[in-house]
Amino acid sequence: HAAPPLHAPGDLSSCSGARWGKPPGSFSRGAMPMRRRIGVFASSRDTTPQAYIDAAAALGTAVAKSGHALVNGGGRFGGMGAMNEACHKAGGYMVHVTHEKFIVDQDEYANADERVVAGGGNPPRG
């Protein structure tokens with residue numbers, strides 16, 4: 001399963017599941033009800049304690065089985081990686097949103113259905 005193309009920073013035009021081979025209306029307000037996108041923050045370090053890895057994997061499986069989309073930063077290590085792998089194995093739909101400054105080491109999880117790269121700097125301090 002090849003990784004989907006990266007979107008330009010701020011380009012959210014592909015949020016329709018049909019573009020990615022999913023049933024028409026899966027992620028739009030069409031004939032089918034809109035799926036929920038469940039955003040989850042989790043660690044992305046390979047030193048994450050096993051209890052958190054197990055909990056993240058259980059959550060990834062639960063989101064996939066619920067038919068909703070899992071949204072996170074797309075890491076492949078730690079809680080995020082465990083969640084992504086479990087969601088993928090359970091047939092779930094994943095949207096990974098990553099800031100462009102973190103696309104430097106190719107450590108992103110490869111099996112996302114959508115990958116969005118966000119741009120922009122830090123807000124000015126006042």
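Me: Which residue stands opposite Leu-70 in β3?
Reply: In this predicted model, the residue that stands opposite Leu-70 is Met-94, which belongs to β3.

Me: And how many bridges join β2 to β3 there?
Reply: Strand β2, covering residues 69-72, is joined by four bridges to strand β3, covering residues 93-99, and the two strands run parallel.

Me: What packs on the sheet and touches those two strands?
Reply: That is helix α2, made of residues 78-89, which touches both β2 and β3 as it packs on the sheet, and whose direction makes about 160 degrees with that of β2.

Me: OK, stepping back, what order do the strands have in the sheet?
Reply: The sheet is an open one with four strands, arranged in the order β1-β2-β3-β4 with parallel pairing. At its edges are β1 (37-39) and β4 (114-118), each of which pairs on one side only, and from one strand to the next the twist averages 20 degrees.

Me: New topic: how many salt bridges does a search of the whole structure find?
Reply: The search finds one, and it is formed by Lys-89 with Glu-85, whose closest N and O atoms are 4.0 Å apart.

Me: Where do Lys-89 and Glu-85 lie?
Reply: Both of them lie in helix α2, where they are four residues apart, or about one turn of the helix.

Me: Is Lys-89 buried or exposed? And what does Glu-85 count as?
Reply: Lys-89 is exposed, because its relative accessible area is 67% and the cut-off for exposed is over 50%. Glu-85, in turn, counts as partly exposed, with a relative accessibility of 30%.

Methods:
Residues numbered from 1 in each chain as written. Predicted model: local features only at pLDDT ≥ 70, side-chain atom pairs only at ≥ 80, totals over all residues. Heavy atoms only, no water. Pairing = 2+ DSSP bridges. Axes fitted to C-alpha atoms, helices over the stretch in contact; angles between N-to-C directions. Contact = heavy atoms within 4.5 Å. Salt bridge = Lys/Arg side-chain N within 4 Å of Asp/Glu carboxyl O. Buried < 20%, exposed > 50% of the residue type's maximum accessible area, 1.4 Å probe, protein only.
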